[in-house]
Amino acid sequence: MKSYRIAVIGQGYVGLPLSLEFANHYPVLGFDINPIRVDQLNQGNDVTLEADKKKLDESLKKYNETNGSTGYKATSELSDIASSNVYIVTVPTPIDKYNAPDLNPLISASKMLGGIIKKDDIVIYESTVFPGCTEEECVPVLEKHSGLKYNEDFFVGYSPERINPGDKVNTLTNVKKVTSGSTEKAAEEVDNLYKKIITAGTHKAPSLKVAEASKAIENAQRDVNISFVNELALIFDRLGIDTHDVLEAAGTKYNFLKYKPGLVGGHCISVDPYYLAHKAEQLGYHPDVILSGRRVNDSIAKFIASKVVKLLIAKGGVIKDSEALILGVTFKENCPDIRNTKVIDIYTELKDYGVNIDIYDPWADKDEIRHEYGINILDTLIEGKKYDSIIVAVSHNEFIQLDLNQLKKDNAVVFDTKACFDRNLVDARL
């Protein structure tokens with residue numbers, strides 16, 4: 001039996017849970033280029049809140065007690081992972097300001113691994129990419145920097161991540177995992193490796209490209225479905241009827257899918273469709289449905305901001321220098337993840353109207369917000385301060401308990417993007 005020594009490249013929302021599960025069976029080194037993150041993890045502190053604290057502590061302890069023969073340790077030293085024989089890449093694959101795939105983190109990781117991989121090593125990619133990316137973009141980099149030959153000296157797998165940040169029900173181990181490999185033998189080895197940790201089982205795709213495409217369409221499908229109900233929300237606003245009332249009525253039919261309108265941000269749904277569209281356009285096909293869904297979803301933040309302004313004007317309010325409170329800045333509820341949050345778009349749009357804005361979010365890291373978006377957020381709500389407008393952008397549990405009347409001025413506007421408050425307490429909702 002092959003003795004696996006696993007290195008997981010990237011210790012974020014995807015890489016850390018994966019590392020800890022494999023560490024139950026094999027020695028695992030979690031590599032990250034951020035030494036601060038590495039130090040935090042080795043002290044048992046995970047700021048993403050994805051790892052179970054007890055599991056992280058036990059795995060670190062096991063690694064120390066067994067002198068690295070099993071368990072987990074984080075590192076930012078390349079020399080530490082050079083003796084591994086399985087490398088799993090979980091780095092981010094974002095989009096740039098033109099909505100084009102930004103493969104820089106992926107290519108950088110591939111260059112790095114090209115300098116240390118050895119004969120018979122396996123490199124498995126989990127990062128979301130367009131179909132064909134692994135073999136067209138990553139493999140040539142691995143070959144160039146290693147001097148090894150693909151599918152003779154080293155092998156490649158692709159197993160798309162399905163992590164849902166903040167979800168403690170649909171976790172890594174109980175969601176079926178798609179696997180694939182660059183040869184039949186490699187595919188079998190990769191599949192068996194994941195079977196060791198995925199209790200829900202695996203699905204072995206016939207090729208790397210099929211596995212890559214499966215990931216891209218998972219989130220593109222959800223994006224298009226949400227864009228449909230977001231467009232309905234825009235229509236029903238003009239009709240003067242409540243979107244959720246319509247969805248409740250239509251949902252009484254057995255085959256109606258009750259998607260809800262909302263802001264579509266985060267690391268997957270608002271990004272992955274652009275990867276699929278990029279590849280389609282390379283092949284000479286313009287993906288109308290995918291891109292139209294993106295346009296609708298990207299317009300919702302601007303609609304919310306303009307709706308708040310219109311409601312303020314209708315109540316006789318003055319827009320310039322009015323005071324607004326945005327509740328929530330993470331991309332989803334009860335989760336510290338701020339990646340690609342569309343709440344920032346609401347903030348920017350209201351700023352353009354001359355509105356003064358406070359943002360409060362007990363889940364978000366204020367230093368991370370400042371670094372990523374150049375915005376300062378409140379540590380806590382300002383006692384006694386009342387606002388001309390309140391936008392409930394994220395339905396954190398802490399917000400549901402708030403008394404909005406204590407936060408708003410007379411004739412204030414409350415917009416509930418998540419429909420999480422009683423409708424009698426708000427002026428409008430999606």
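What follows is a quick look at the fold, surface, charges and cysteines of this predicted model.

Starting with the overall fold, the chain is built from 14 helices and 13 strands. Its C-alpha atoms fit into a box of roughly 75 × 50 × 40 Å along the principal axes. The radius of gyration comes out at 24 Å, which agrees with the value near 22 Å that a compact globule of 430 residues would have. Sequence-distant pairs do much of the work in the contact map: of the contacts with a separation of 6 or more, 70% are between residues 24 or more positions apart.

Turning to burial and surface, 54% of the 430 residues are buried. The chain still exposes about 19,800 Å², and 50% of that area is supplied by carbon and sulfur atoms. As for charge, there are 51 positive and 62 negative side chains. The centres of these two sets sit 2 Å apart.

The cysteines are quickly dealt with, as the structure holds zero disulfides. Cys 133 has its nearest cysteine sulfur, that of Cys 138, 4.7 Å away and is in no disulfide; the cut-off for a pair of sulfur atoms is 2.5 Å. Cys 133 counts as buried because its relative accessibility is 0%, and the limit is under 20%. Cys 268 is likewise in no disulfide, with the sulfur of Cys 335, the nearest one from a cysteine, 12 Å away. At 7% relative accessibility, Cys 268 also falls under the 20% limit and so counts as buried.

Definitions and conventions: Residues numbered from 1 in each chain as written. Predicted model: local features only at pLDDT ≥ 70, side-chain atom pairs only at ≥ 80, totals over all residues. Heavy atoms only, no water. Helix = DSSP H or I, 4+ residues; strand = E, 2+ residues; numbered from the N terminus. Rg over C-alpha atoms; globule rule 2.2 N^0.38 Å. Buried < 20%, exposed > 50% of the residue type's maximum accessible area, 1.4 Å probe, protein only. Contact = heavy atoms within 4.5 Å. Areas by Shrake-Rupley, 256 points an atom, 1.4 Å probe, with all protein chains shown as cover. Lys, Arg positive; Asp, Glu negative; His and termini not counted. Charge placed at Lys NZ, Arg CZ, Asp CG, Glu CD.
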